[in-house]
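The following exercises concern the fold and the pocket of the structure shown below. Each task is followed by a worked solution.

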Amino acid sequence: MTEGEFIRFYKNRNKIKSHKEVREKIDLFWNVLFEALKKDKKVIFKEWGVFEKREIKSRKIKVPMWEEERYTEPKKAIKFRAGKSLIEIANGDIDE
């Protein structure tokens, strides 16, 4: 499902008439989540999953073109770990 399809699905499911209103609600959710991750390392949604900020360490890589070894830069990334309910939905264990 694309983002546009999701917006239409959300709009029809909740009987909202404005595409713009749905877009604003979704953007608001993501903006608040990103702000929370900037302040804390982890955001937990019970039964849904965990968004977590993690440090990716520098590692050695080989560059065959130049026959040399380099090191990547350490960086931070957002990881998502699915919760029990989301895993059950993915496995088809929960009916609507």
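Helices (H or I, at least four residues) and strands (E, at least two) are DSSP runs, numbered from the N terminus. The model is predicted: local features need pLDDT of at least 70 and side-chain atom pairs pLDDT 80 or more, while totals for chains, interfaces and linings use all residues. Residues are numbered from 1 along each chain, and side-chain values use heavy atoms, without hydrogens and water.

**Exercise 1.** Determine which element gives the largest share of the lining of the largest pocket.

*Solution.* Step 1: list the lining, namely F6, Y10, K25, I26, F29, W30 and W48. A pocket is an open set of points on a 1 Å grid over the protein atoms alone where a 1.4 Å probe fits, with protein on both sides within 12 Å along at least five of seven lines; lining residues have an atom within 4 Å of a point.
Step 2: assign elements; α1 (3–13) and α2 (19–39) each give two or more residues.
Step 3: α2 supplies the largest share, 4 residues.

**Exercise 2.** State the order of helices and strands along the sequence, and assess how spread out the protein is.

*Solution.* Step 1: the protein has 3 helices and 5 strands, in the pattern α-α-β-β-β-β-β-α.
Step 2: the radius of gyration (over C-alpha atoms) is 19 Å, well over the 12 Å from the globule rule (2.2 Å times the number of residues to the power 0.38) for 96 residues, so the protein is more spread out than a compact globule.
Step 3: along the principal axes, the C-alpha atoms fill a box of roughly 60 × 35 × 30 Å.
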